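Colleague: I am new to this structure and should be grateful for a close look at a single part of it. Please choose one strand and describe its surroundings in some detail.

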Amino acid sequence: MVNVHEKQFLFDCGEGTQISLRKERVRMMRIDHIAISHLHGDHYFGLFGLLSTFNLLGRTRALNLYGPPLLQELISAQEAAGEMVRGYPLHFHATSTDAPAVLFEDATVRLESFPVRHRIPTTGFILREKPKEPGVKRAWVADWNLQPTEILSLKRGEDVLREDGTLIPFAEACHAPPPPRSYAFAADTRYWAKVADWVRGVDLLYHEATFLHAMKDRAEKTFHTTALQAGRMAKEANVGRLVIGHISARYEGPGLLLEEARSVFPDTVAAEDGLVLEVKSRC
Ligand SMILES: [Zn+2]
């Protein structure tokens, strides 16, 4: 779950997602965007239950769903079988593994997808904050009695020249806006150097790390990544911070995998239930 200025985006929806959302007191009905990376059960078996719960709770707000084209058919079949009448619009946006694409955009945020390499068609996702306008310093508004049109010009980055020849320079009258932040979710994938191009420079990268590097061959065969490779990816893509997850149940905890990833990329944490991270700008 990513909360961007109270807009909530859910990335994948495995079994148990609803229980976790309730436990963490997430306002479920405020989730307006759900992006599904691929159709392996551990990434979407919770979706049918969540869509149904939205109905039971009387949802009327539209929901945007992004995922492989087949997902729409699965939902239709499941709803038809149960003769379910959905009380809210569901806008389905098919993802493509051909090339990166913009899936959604508004004034404050943009959602993109990018292809990864997994056994079945799979995409990762990137959420980017849009750049904010610079803020005009309060003291300047008061001291110069700035008018609304002048404030708008300054926010656009323009200097203001008054009829009496007074110059109000943008660079001095405005605060620089905070740099926009970004988060990438690199789904299930084998290590694929190309992914670094898609996720380059993001502030926070989630990358799967299913195995330790001693099991590199198995990772390749099953289209998964090792912790060492996840660290390399973070370093190669010059991201701000790395979160590893999708760790094989054969390991007792994330300890050894964290150690391995950190040997290449020190600012690495392991995903766990209930973990909350603030996306901090790396600038
Ligand atoms: Zn998978």
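Modeller: The account below moves from the whole protein to strand E13 and then to the core. Please note that this is a predicted model.

The protein has 283 residues, of which 33% count as buried. Its C-alpha atoms fill a box of roughly 75 × 50 × 35 Å along the principal axes. Ten helices and 16 strands are found in the protein, and it is divided into domain 1 (1–94), domain 2 (99–130 + 179–283) and domain 3 (135–175). The centres of domain 2 and domain 3, taken over C-alpha atoms, are separated by 43 Å. Among the contacts with a separation of 6 or more, 64% are between residues 24 or more positions apart.

Strand E13 comprises residues 182–185. Is this strand covered on one face or on both faces? Both faces are covered: Ser182 and Ala184 are buried on one side, while Tyr183 and Phe185 are buried on the other.

The strand has pairing partners to consider next. Strand E8 (residues 123–129) runs antiparallel to E13 and is joined to it by four bridges; within this pairing, Phe125 has Phe185 of E13 as its bridge partner. With strand E14 (residues 204–208), E13 pairs in the parallel sense, over three bridges. Here Tyr183 has Leu204 of E14 as its bridge partner. Helix H7 (residues 194–199) completes a right-handed β-α-β unit together with E13 and E14.

One residue of E13 leads on to the core. Ala184, buried on one side of the strand, belongs to the largest nonpolar core, which has 49 residues. Ala184 is one of the members that touch the most other members, a group that also holds Ala186, Val199, Leu205, Leu242 and Ala261. Helix H9 (residues 227–236) gives the most to this core, with five residues. The core also draws at least three residues from each of domain 1 (1–94) and domain 2 (99–130 + 179–283).

Val199 deserves separate mention. Leaving aside residues up to four places away in sequence, Val199 touches Ile126, Ala184, Ala186, Leu205, Ala237 and Val239. Several elements described above meet in this list: Ala184 lies in the range of E13, Ile126 in that of E8 and Leu205 in that of E14. Val199 itself falls within the range of H7, the helix of the β-α-β unit.

Methods. Residues numbered from 1 in each chain as written. Predicted model: local features only at pLDDT ≥ 70, side-chain atom pairs only at ≥ 80, totals over all residues. Core = buried A, V, L, I, M, F, W, Y, C linked by C-beta atoms within 7 Å. Buried ≥ 20, exposed ≤ 12 C-beta atoms within 10 Å, placed from the backbone. Helix = DSSP H or I, 4+ residues; strand = E, 2+ residues; numbered from the N terminus. Domains from an automatic or database assignment. Contact = placed C-beta atoms within 7 Å. Pairing = 2+ DSSP bridges. Right-handed = clockwise from strand over helix to strand, strands pointing away.
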